[in-house]
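Trainee: I would like to work through a protein model with you. Can we take it step by step?

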Amino acid sequence: MDYLPIFVNIKQQHCLIVGGGGVAARKADLFIQAGAIVSVIAPELKTEMKHHLSEGKITWNIGSFSAELVASISVPKYVISATDDQAVNQAVYTYCQQHNIPVNVADQTQYCDFILPAIVDRNPMTIALSTGGRSPVLARLMKARLETMIPAGFSKLADLVGRYRQKVKDSISSLGGRKAFWESLLDGSFIDKAVHGNFNEAEQLLDNKIKQLAKTGQLEPTGEVYLIGAGPGDPDLMTFKALRLLQQADVILYDRLVAPEIIDMARREAERIYVGKKNKHHSVKQQDIAQLMVDLAKQGNRVARLKGGDPYIFGRGAEEAEVLVANNITYQVVPGITAAAGCSMYAGFPLTHRDFAQSVVFIAGHQQAGASIIDYARLANSGDTMVFYMGVKNALKIQQSLLEQGMNPNTPVAVIEKCTTSEQRDTICRLDSFVETIATKKVNPPALIIVGEVIKVRERLKPKYIE
Ligand SMILES: C[S@@+](CC[C@H](N)C(=O)[O-])C[C@H]1O[C@@H](n2cnc3c(N)ncnc32)[C@H](O)[C@@H]1O
């Protein structure tokens with residue numbers, strides 16, 4: 001280890017920044033945030049530092065660095081030199097060495113007693129990242145990754161946990177017991193509740209756990225279920241929350257529409273169970289899937305139920321949630337990008353547009369002919385963009401019904417297969433010919449049929465370099 005990471009309390013301590021430019025201002029900002037009294041020595045200040053001055057966050061000692069000028073202000077605890085002038089930086093370094101003051105010369109590790117890490121700030125939780133001064137850019141990249149993984153609300157979580165620390169100490173005497181208590185809580189939905197500001201529910205969970213422990217002397221396994229929308233295929237379309245919950249799950253239940261790359265994002269030790277269905281031959285019955293989730297959660301597992309697209313759009317997610325509620329299982333639902341959004345976007349057109357369509361309707365297109373509950377008369381006259389999910393097998397019925405209701409045979413239709421994946425195929429045709437297209441192109445599921453004038457926008461949106 002090149003440097004020992006320590007967190008120093010500099011509240012009300014005098015710190016000195018030499019330099020008035022942007023780098024100096026950003027370093028000053030860190031010291032200000034940590035509560036230091038910041039003095040700046042510089043002949044002039046650039047915009048950012050002027051801003052600190054106008055807000056009363058620094059005092060400005062006008063002039064070039066000299067031992068006399070430093071002597072005229074309070075002895076600093078820490079010094080930063082961030083000037084373009086190597087001679088000044090060198091003089092600051094020498095001065096600090098002589099006076100035993102830790103110093104950091106920006107971008108010159110050989111003149112640094114300490115370095116300032118990249119910081120992920122979830123006050124009171126702080127993550128400091130350093131490459132030992134070798135590559136601040138790499139540290140910033142890592143910081144960006146961590147920023148996306150750790151929700152902003154973690155600050156609130158740390159506060160809440162801090163408030164309960166004593167109460168838990170009073171209830172659980174052994175260190176091991178307290179560790180197990182916090183581990184069991186900080187792994188599950190308690191975190192999400194607190195992070196998203198549902199403090200009442202989070203506190204309720206905490207209180208229940210403490211009571212349970214007092215009553216039974218042990219922590220019962222508390223599993224939970226995450227109904228996660230995995231999007232239409234491209235793993236990059238998962239949300240941060242989906243990824244986070246997937247990575248903390250012990251068991252993954254997934255179906256046919258979930259891309260293997262997404263399942264690979266789970267922890268290596270997590271058990272993976274395929275519960276996919278194929279149209280008409282269900283490999284695992286819906287009620288059996290729901291029961292499996294309940295059983296696994298009751299055994300104390302965190303269960304991620306991955307669903308293609310969005311769990312609540314033709315995904316039967318709500319039915320599964322109902323079973324969880326009936327069995328008193330804690331659960332969360334994470335929205336996903338539904339196939340309609342993925343297909344239209346990746347095929348190059350929007351679903352609504354001021355000039356073409358003011359509304360969009362999602363339709364389950366797999367109803368049996370004759371028993372249809374789809375109101376084709378309303379649809380044909382609505383001007384809505386129509387998105388038929390599961391409609392390929394029923395394409396003929398859809399086509400005939402819309403034509404019978406007087407829709408223009410020229411109306412554009414997009415048939416889009418396996419959208420957002422490397423196997424995506426999209427075909428733009430007409431209302432009176434799309435059934436033929438489906439047959440000749442041998443369209444395979446999953447595929448979506450989109451009907452509407454809005455498809456014409458695709459031509460306008462084609463980048464010029466593609467022509
Ligand atoms: C049972 S529904 C599930 C929909 C999913 N919950 C969603 O929000 O996208 C399955 C249908 O969604 C459509 N679908 C799902 N993923 C698709 C994809 N990647 N490309 C085209 N259509 C897709 C197909 O119409 C498929 O028959």
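Mentor: We will look at the domains, then at the ligand.
This is a predicted model, where local features need pLDDT of at least 70, side-chain atom pairs count only at pLDDT 80 or more, and totals for chains, interfaces and linings use all residues. Residues are numbered from 1 along each chain as its sequence is written, and side-chain values use heavy atoms, leaving out hydrogens and water.

Trainee: Which residues make up domain 3?
Mentor: The bounds come from an automatic or database domain assignment. Domain 2 is 154-216. Domain 3 is 224-337.

Trainee: What area is buried between domain 2 and domain 3?
Mentor: Buried area is the accessible area (1.4 Å probe) that two parts lose on being put together, summed over both. Carbon and sulfur atoms give 35% of it here. The total is about 560 Å².

Trainee: How many salt bridges cross the interface of domain 2 and domain 3?
Mentor: The rule asks for a side-chain nitrogen of Lys or Arg within 4 Å of a carboxyl oxygen of Asp or Glu. Across this interface, the number found is 0.

Trainee: How many residues surround the ligand?
Mentor: A residue counts if one of its heavy atoms lies within 4 Å of the ligand. Among the closest are Asp310 and Thr338. The number of residues is 18.

Trainee: Which residue has a polar backbone atom 2.6 Å from an oxygen atom of the ligand?
Mentor: Take the nitrogen atoms of the ligand beforehand. One is 2.7 Å from a polar backbone atom of isoleucine 313, and a backbone N or O atom of cysteine 419 lies 2.9 Å from a ligand nitrogen. For the oxygen atom, the residue is alanine 447.

Conventions. A polar contact is a pair of N or O atoms within 3.5 Å; within protein, one must be able to donate a hydrogen and the other to accept it, and residues adjacent in sequence count only if both atoms are side-chain atoms.
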